[in-house]
Amino acid sequence: MNKNYYAVLMAGGVGSRFWPISTSENPKQFHDMLGTGDTLIQKTFQRLNKFVPTANILILTNERYNDLVLEQLPMVKQEQVVLEPAMRNTAPCILYAAMKIQKMNEDAVMIVAPSDHWIEDEDAFAKDVTACFKKCETEDVLCTLGIKPSFPNTGFGYIEYNKEDISALKKVNQFREKPDYETAKEFLAQGNFLWNAGIFMWSAKTIVNAFQQFQPKQYALFRDGLVCYNTDDEKKFISENYPKAENISIDYAILENSEAIYVKEATFDWNDLGTWGSLYDKLEKDVNKNAVVNSKVMVEDASGNMIRSKAGKVVVVDGLNDYIIVDKDEVLLIYPKTKEQDIKQVLNKVKEAFGDEFA
């Protein structure tokens, strides 16, 4: 295993569209969403650990999830858990982690990956990432993995690459924001657009230099803590200075400015598991196309439902089609799959009506 390979596992999100299973106290990445016996963060760690040494995997998360990380990943030491004292989007935490890694190893190349994605062919994933690593080891480039679109999805950003480029790693022309449906159809028709999966590879040195060039204030803020990183003084510096960081994504901060970005089309199936519907798509179904996790289910005249309850609970469903049915402790959600994008708003209404303990 290459000692210069590092990984930053992003595990700070709340995943509110998976409410009521995912809550602000215990988000989706810490749940076994697929019924496999492993939580999403455990699956992601295992996937990265196939080609990145255990000690070289950092977990980026909010302070409140520190104990959950250590409980679910017992092989990880406290110093590998990089804690954000405030929510500041992806750019500040990536810069912070990259500076820590660069201080550990000047020759480090790193992957930044979300902790809650579904990837079945893990060997293909490892090959795609290491192909990007090899380019990052010898060139000052930023690499990303793009997913070949299967339909005109309006929920993802897109990556437009150079049509003339015949190499496996293609030069990126530009990142495109989430399109409307007609624009998404045009993207697919053109044939040189990929979904942005939010998986990035670069050398620690290259990404830190990119921040120095394109985000000088952000760079200066974190550079001042360089002497503290990976020491006992780090926590004090970060708690005082991290909240001062600009709330900005890595896409806006760096990727839309850099002209040295390359994309590799993923050779593996991928799902961002962003909603109950996307989870439903990846689960096995019964003869009536109901997807079931944990529950013992009896169905009559019911099809296309996503059903989840506490382990072993008996669930009887009659006369419902294409619904999300989720039973968890004090909350029962019965909601049309066609309205799943509204669950975030429903959660906010529940908080207002009944209190934060249900969120």
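**Exercise 1. Find the residue of strand E9 that stands opposite Glu160, and describe how strand E7 is placed.**

Glu160 stands opposite Phe193 in strand E9, where strands are DSSP runs of E with at least two residues, helices are runs of H or I with at least four, and both are numbered from the N terminus. The model is predicted, so that local features need pLDDT of at least 70 and side-chain atom pairs count only at pLDDT 80 or more, while totals for chains, interfaces and linings use all residues. Residues are numbered from 1 along each chain as its sequence is written, and side-chain values use heavy atoms, with hydrogens and water left out.

Next, turn to the pairing, which DSSP must support with at least two bridges between two strands. Strand E7 (residues 158-161) is joined to strand E9 (residues 193-203) by three bridges, and the two run antiparallel. Four bridges join E7 to strand E8 (residues 169-176), again antiparallel, and Ile159 stands opposite Phe175 in E8.

Finally, consider the faces. In a regular strand the side chains alternate between the two faces of the sheet. In E7, Tyr158 and Glu160 on one side and Ile159 and Tyr161 on the other are all buried, that is, under 20% relative accessible area, with exposed meaning over 50% and partly exposed in between (1.4 Å probe, protein chains only).

**Exercise 2. Work out which residues line the largest cavity.**

A cavity is a set of points on a 1 Å grid over the protein atoms alone where a 1.4 Å probe fits but cannot get out, and lining residues have an atom within 4 Å of a point. Grid points are joined across faces, edges and corners, and a volume is the space filled by probe spheres set on the points.

The largest cavity holds about 50 Å³ of space, and its lining consists of Thr44, Arg47, Leu48, Ala113, Pro114, His117, Ile119, Phe125 and Ile199. Helix H1 (40-48) and strand E4 (109-114) are the elements that give two or more residues to this lining, and H1 has the largest share, three residues.

**Exercise 3. Decide whether Asn271 is buried or exposed, and list what Asn271 touches.**

Asn271 is found in strand E11 (residues 270-271), and Asn271 counts as buried because its relative accessibility is 10%. Contact means heavy atoms within 4.5 Å; not counting residues up to four places away in sequence, Asn271 touches His117, Trp118, Ser278 and Lys282. The side chain of Asn271 also reaches the backbone nitrogen of Leu273 at 2.7 Å.

Notes:
On a 1 Å grid over the protein atoms alone, a cavity is a set of points where a 1.4 Å probe fits but cannot get out, and a pocket is an open set with protein on both sides within 12 Å along at least five of seven lines; lining residues have an atom within 4 Å of a point. A polar contact is a pair of N or O atoms within 3.5 Å; within protein, one must be able to donate a hydrogen and the other to accept it, and residues adjacent in sequence count only if both atoms are side-chain atoms.
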